[in-house]
Amino acid sequence: MSFAQPTHFAFDESSEAEIAKILAKYPEAKKASGVIPLLYVVQRQMGRGTGSAWVPKVAMDVIAERLGMAPIRVYEVATFYFMFNMKPIGRHHLQLCGTTPCMLRGSDDVMRACHDAAHVHVGQTSEDGLFTLTEVECLGACVNAPVLQVDDDYFEDLDYDRTVALIEALKRGEKPTPGSSIGRQTSAPEGGPLTLIDVGGE
Amino acid sequence: MAKVTVDGIEVEVPNGATVLQACEAAGKEIPRFCYHERLSVAGNCRMCLVEVEKAPKPVASCAYPVADGMVVKTDSPVVRNARRGVMEFLLINHPLDCPICDQGGECDLQDQAMGYGMDHSRYREAKRSVKDKNIGPLIKTIMTRCIQCTRCVRFSAEVAGTSELGGTNRGENLEIGTYVEQALTSELSGNLIDICPVGALTSRPYAFVARPWELRKTEGIDVLDATGTNIRIDTRGPEVLRILPRINEDVNEEWMADRGRFSFDGLKRKRLDRPWLRVDGKLRPASWGEAFAAIAAKLKGLPGSRIGAIAGDLVEAESLFALKTLMAKLGSANLDCRVDGAAIDVSRPDFYRFNTTIAGIEEADALLIVGSNPRHESPVINARIRKRWAQGRFPVGLIGPVGLDLTYGHQHLGDGPAALGTLIEGTHWFSQTFRAAKKPMVLLGRGALARPDGAAVLAAAWQVAASADALRPDWHGFNLLHLFGGQVGALALGFLPGEGGQDIGGMLGGGVDALWLLGADGVDPAMIQPGTFVIYQGHHGDRAASRADVILPGAAYTEKDGTWVNTEGRVQRGHLAIHPPGEAREDWRIIRAASEALGATLPFDTLAQLRDAMPLAEGFERGFCTDATGPSGDVGGLSSTAFSLPLANYHQADVISRASEVMAQCAATYAAPLAVAAE
């Protein structure tokens, strides 16, 4: 581990409010069930506070104490799921789907756009600290392939130019609208309605 | 009961038993890696696959419950193929480095690959490798060999109660370890080596030392705590190379504490290997003849009342009996074995025994611990308490230091004897819980008696047991937990002041002119009066030996046939594994030879004759309480001083472990992080 682990972690006020909601779902004796939601709480708080959404070791110890578990049980869960970043990442986590449908629909172009615009390669963080690029397995949005997940949002129907535009917007600190980048409604057919019933009212 | 047919053999097993248990009942061997009788079922190695009629595919027998009328095949072509397939997968990432692996020759994977695997490998691709972990000075890890059976993870979480091992990452990248580098804090960590079915966790002190077939195996008894753990001493030539536990369901199941397992390198260091004699204030090497002559010269002119003997904590019954007999012949009643000064009442055996018995802990339904940290004083008994606690409905109260991590939940009731007083009165908040229990037990630490109000503490603890109705003809809930393997034997043989005899305080304080210390290394030499003639008989040149006028080199517990009595009162025999070093001899022979020089020849020439004369029969019978009259101490004498624990340092508690380099490393490793581990 070539990065520094913080020596201290404490939940902030908004995290505490989230935790209260989460733990209310479980009986006291089974509160260890809240370990995955709490790891998300940590990761989001780190994102808010430091600009890098990851889970430091000391935060896992805090979770273990809060949930009455042995720390190793938290480490096991956190390292099992790759939604939890065990080392610092960039401001935005670009998760690009490269599975068959996305690949057929042009995920290679999106990958190229990430290289060109964000200056980042798979598994790396850009030098400006803004982007970390990860290639992931199917994100379950094949109808709108290719898909790029930026932090918690899906950006769909991307091509090279629109991906570059998206990344440039992120660089400017804007909040681009998630969803289809060609303006279609959810997963409705490209170019408008295509069934007879919806075609015309004569 | 369910009727199951295994390979044509019909067996009846209880409902809820697993197919694997049914197969074992039918005498069929089922290969396995992850399954272990004393751990929870994981079912992840798949080696135990068997064919069950009407099941669509082979089932993992360790996790599959039996049903009435089930027909199981353990040796069909389907099963053989399945096992071969599983073994092939297990060996994909296992390095075939058996020639340099310490597990070689006693490896489950090696044996089962021979028995159930294929005769050749079809695997040509790269194997994964895993970084080794540093988990302390006792256990060496070669994690590439790990097959992820998770026995170690389950052992540390379930039996040891220190959840520090786990599996991190997943799939191809799954690794067993502590994630954050740390030494395991368990006192039972050596057992990980035994339960690991491959060479991933091996003994660090034993690394590259020997192969199992080179070793001579001798059955013995561990004396470094009072559990009476049954052990196997593995030797080659004149050296003890390792110590392993033997299975004894009534005592240690199959576990063993680390101090007993890893202290044996202390048997080679600081040894007394020849007699020494003090001449003109300086010790010089001497012959046995000179040593006995010096003793005879001093003792012959003395009246019996000016001669005394003190026995140490690790001494076996035979030499205690021999020395006691010799002292009687010399006319001395000055005997004592309580080097720690514990106020033990020997008027009845159940005043100083662990009467509930170790196996009996599993029947108990409430526990009160007084002035003891069983985790350090007997890790194996502590594991038994934890086993009972894990079954639920087992309130545990502790009177002693705050913040002990016993590995199970407990309530702190107070730090001194005052809590005992309120428990007797029934006004303590724990009283109701304790008295409501049907089989409550009191566990009194020997350390709680080694203080000025010890007799009162003993009487009070007895009364607490009596007040909870724990002293009945069908249940004995009073327990004294001793610290070392020789302590109960000495009490049972009455190695105590006779009529008109002096106790240890009197003898050290100038009450005798000649003092025979039999392995009594706990005696502070500064306490012995300057003019006293001191004979030290023992195996290590520890504190007391430096004060001696004559040193008689004796044998350690691995070097003699001996009888030891554990804290329950169980009389067990250990056997000579190696001969004592140099001119050292078995202790009873030394005493026998000295008796001749003193003109008071003992009436036995062989060990068999000695044992015939000794009032201590091998074996054990559990006793119950037919007389609830308590020990003689006066409860009114309780002081307000808080209990302190007798073992400041678990790893260096006796003369052998203090001489051990491995234990010194452990002490250095664990001395600092203990405060952190307690959180």
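1. Let's start with the lining of the largest cavity in this predicted model. Two elements of chain B, β25 (533–538) and α18 (655–659), each put at least two residues into that lining. The top contributor is β25(B), which supplies three residues. The cavity has a volume of about 140 Å³, and 19 residues line it. If you want to centre your view on it, go to Leu314(B), Val315(B), Gly519(B), His539(B) and Lys560(B), the lining residues nearest its centre. By class, you get eleven nonpolar, five polar and three charged residues around the cavity.

2. That cavity has company: searching the whole structure turns up six cavities of 30 Å³ or more. The second largest comes in at about 100 Å³. Its lining has 14 residues, and nearest the centre sit Cys146(B), Cys149(B), Cys152(B), Cys196(B) and Ala200(B). So what classes do the residues of this lining divide into? Eleven are nonpolar, two are polar and one is charged.

3. Now for a pocket, the second largest one, with a volume of about 1300 Å³. It has 40 lining residues, and those closest to its centre come from both chains: Thr79(A), Met86(A) and Lys87(A), along with Asn169(B) and Tyr179(B). On the chain A side, α4 (71–80), β1 (92–97) and β2 (131–136) each supply at least two residues of the lining, and β8 (175–177) of chain B does likewise. The biggest share is from β2(A), with four residues. As for class, the lining divides into 13 nonpolar, 17 polar and ten charged residues.

4. Where does the second largest pocket lie relative to the two domains of chain A? Domain 1 (13–80) and domain 2 (92–180) both give residues to its lining, so the pocket lies between them. For scale, the C-alpha centres of the two domains are 28 Å apart.

5. Some bookkeeping on chain A. Its secondary structure amounts to eight helices and five strands, and the order along the sequence is α-α-α-α-β-α-α-β-β-β-α-β-α. Along the principal axes, the C-alpha atoms fill a box of roughly 65 × 45 × 30 Å. The chain has 202 residues, and 41% of them count as buried.

6. One loop residue of chain A to look at is Glu28(A), found between α1 (13–23) and α2 (35–50). Is Glu28(A) buried or exposed? Its relative accessible area is 60%, so Glu28(A) is exposed. From there, have a look across to Leu67(A): the two residues are 39 apart in sequence, with 9.2 Å from C-alpha to C-alpha.

7. On to the aromatics. Over all chains, the structure holds twelve aromatic pairs. Take Trp429(B) and Phe430(B): their ring centres are 6.2 Å apart and their planes meet at 85°, so this pair is edge-to-face. The cut-off behind that label is an angle over 60 degrees. Burial splits these two partners. Trp429(B) is exposed, at a relative accessible area of 51%, whereas Phe430(B) is buried, at 0%.

8. A second pair, Trp462(B) with Phe478(B), has ring centres 5.0 Å apart and planes at 55°, so it is tilted. Why does this pair tie together separate parts of chain B? Because Trp462(B) lies in helix α13 (residues 454–467) and Phe478(B) in strand β23 (residues 478–481), the pair links parts that are 16 residues apart in sequence. Both Trp462(B) and Phe478(B) are buried. Ring pairs also bring in Phe351(B), giving a cluster of Phe351(B), Trp462(B) and Phe478(B).

9. Last, two arginines placed over rings. Which residue's ring lies beneath the charged end of Arg170(B)? The ring is that of Phe80(A), and the charged end of Arg170(B) sits 5.0 Å from its centre. Within chain B, Arg259(B) lies over the face of Tyr650(B), at 4.8 Å from the ring centre.

Note on methods: Residues are numbered from 1 along each chain as its sequence is written. Chains are lettered from A and ligands numbered from 1 in the order in which they are written. This is a predicted model: local features need pLDDT of at least 70, side-chain atom pairs count only at pLDDT 80 or more; totals for chains, interfaces and linings use all residues. Side-chain values use heavy atoms; hydrogens and water are left out. Domain bounds come from an automatic or database domain assignment. On a 1 Å grid over the protein atoms alone, a cavity is a set of points where a 1.4 Å probe fits but cannot get out, and a pocket is an open set with protein on both sides within 12 Å along at least five of seven lines; lining residues have an atom within 4 Å of a point. Grid points are joined across faces, edges and corners, and a volume is the space filled by probe spheres set on the points. Ala, Val, Leu, Ile, Met, Phe, Trp, Tyr, Cys and Pro count as nonpolar, Asp, Glu, Lys and Arg as charged, and the others, Gly among them, as polar. Rings of Phe, Tyr and Trp (its six-membered ring) pair if their centres lie within 6.5 Å; planes under 30 degrees apart count as stacked, over 60 as edge-to-face and the rest as tilted. Buried means under 20% relative accessible area, exposed over 50%, partly exposed in between (1.4 Å probe, protein chains only). A charge sits over a ring if NZ of Lys or CZ of Arg is within 6 Å of the ring centre and within 35 degrees of the ring normal.
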